[in-house]
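Please look over the sequence and the 3D structure shown here, and keep both in view as you read. The paragraphs below go from the whole chain to single residues.

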Amino acid sequence: MSDRHDLEFTSPPDDVDGVQDFVERVWAASPHVGDMDRMAFETALIELASNVIQHAGEGQGVTCVLTLSTDDGRITATLSDTAEKGHVSLVVGEMPDAFAESGRGLPLVEALVDTMTFERVDARNVWTITKAIAPPD
């Protein structure tokens with residue numbers, strides 16, 4: 001069983017609420033994904049989308065394409081955006097100290113999924129996250 005779902009949005013005016021509504025529709029069509037996997041993956045994806053919306057586009061707005069797919073073994077989301085290439089450093093396990101006012105978003109995403117990648121492809125930033133789906137009880 002494999003399902004692929006796509007969403008294109010521009011922020012502003014769109015925001016993370018539209019991404020959350022999209023994910024809810026995907027879960028409705030994906031009963032084979034358990035609650036714990038849904039919660040972890042959705043939290044990671046919403047955090048990633050929020051990060052892109054907040055930091056990309058330097059206040060000028062950004063257009064994104066989000067593809068979410070599920071199959072019997074994993075959940076994958078690819079989020080591409082039209083922003084300039086950022087200074088992205090993916091370092092697993094490095095959470096800022098308790099007094100830091102920012103910098104927790106990407107480490108949180110990394111902690112909730114199995115893999116997270118970032119690359120620049122054809123003038124777009126492309127983020128991909130994956131998580132294995134736990135077998136049913």
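What follows is a walk through this structure, which is a predicted model.

It helps to begin with the overall layout. The protein has three helices and five strands, and if you follow the chain from the N terminus on, these elements run in the order β-α-α-β-β-α-β-β. Of the 137 residues in the protein, 38% are buried, while the accessible surface comes to about 8000 Å², with 50% of that surface belonging to carbon and sulfur atoms. If we take the contacts between residues at least 6 apart in sequence, 64% of them join residues at least 24 apart.

We can now enter the chain at strand S1, which covers residues 2-11. His-5 is found in this strand, and because its relative accessibility is 19% and the limit for a buried residue is under 20%, His-5 counts as buried. Leaving out residues up to four places away in sequence, His-5 touches Phe-22, Val-26, Ala-29, Leu-66, Thr-67 and Leu-68.

After S1 comes a loop that leads to helix H1, and both Pro-12 and Pro-13 lie in that loop. Two peptide bonds deserve a careful look here: the bond from Ser-11 to Pro-12 is cis, with omega near -10 degrees, and a cis peptide bond also joins Pro-12 and Pro-13, where omega is about 15 degrees.

The helix that comes next, H1, consists of the 13 residues 16-28. Its N-terminal end is capped by Asp-15, whose side chain has an oxygen 3.0 Å from the backbone nitrogen of Asp-17. What span should a helix of 13 residues have at 1.5 Å a residue? The expected value is 18 Å, and the end C-alpha atoms of H1 are 19 Å apart, which agrees with it. Within H1, the residues Val-19, Phe-22, Val-23, Val-26 and Trp-27 are buried. When H1 is seen down its axis, these buried residues fall within an arc of 140 degrees, so they line one face of the helix. A general property of helices helps to make sense of such a pattern: an α-helix has 3.6 residues a turn, so residues three or four places apart point the same way. Two of the buried residues of H1, Phe-22 and Val-26, are also among those that His-5 touches.

Further along the chain, strand S3 spans residues 74-81 and contains Leu-79. Is Leu-79 buried or exposed? With a relative accessibility of 1%, Leu-79 counts as buried. Not counting residues up to four places away in sequence, Leu-79 touches residues from several parts of the chain, including Phe-9, Leu-48, Ala-49, Val-52, Cys-64 and Trp-127. Leu-79 and Val-52 are 27 residues apart along the chain, yet their C-alpha atoms are separated by 9.1 Å.

Thr-82 has its place in the loop between S3 and H3, and with 37% relative accessibility this residue counts as partly exposed. Apart from neighbours within four places in sequence, Thr-82 is in contact with Val-62, Thr-63 and Arg-124, and its side chain reaches the backbone nitrogen of Thr-63 at 3.0 Å.

Helix H3 covers residues 105-112, and its buried residues are Gly-105, Leu-106, Pro-107, Val-109 and Glu-110. Against which elements do the buried residues of H3 pack? They pack against helix H2 (35-55), strand S4 (115-121) and strand S5 (124-132).

The loop between S4 and S5 holds Asp-122 and Ala-123. Phi of Asp-122 is near 50 degrees, a positive value in a residue other than glycine, and Ala-123 also has a positive phi, near 65 degrees. Asp-122 counts as exposed at 72% relative accessibility, and Ala-123 is exposed as well, with a relative accessible area of 54%.

One last feature involves aromatic rings, and the structure holds one aromatic pair. This pair is formed by Phe-118 and Trp-127, whose rings are 4.6 Å apart centre to centre and tilted, with 50 degrees between the planes. Trp-127 is buried, its relative accessible area being 7%, and Trp-127 is also one of the residues that Leu-79 touches.

Methods:
Residues numbered from 1 in each chain as written. Predicted model: local features only at pLDDT ≥ 70, side-chain atom pairs only at ≥ 80, totals over all residues. Heavy atoms only, no water. Helix = DSSP H or I, 4+ residues; strand = E, 2+ residues; numbered from the N terminus. Expected span 1.5 Å × (residues − 1). Buried < 20%, exposed > 50% of the residue type's maximum accessible area, 1.4 Å probe, protein only. Arc of directions from axis to C-beta. Polar contact = N/O pair within 3.5 Å; in protein donor to acceptor, adjacent residues only side chain to side chain. Contact = heavy atoms within 4.5 Å. Areas by Shrake-Rupley, 256 points an atom, 1.4 Å probe, with all protein chains shown as cover. Phe/Tyr/Trp six-rings, centres within 6.5 Å; stacked < 30°, edge-to-face > 60°.
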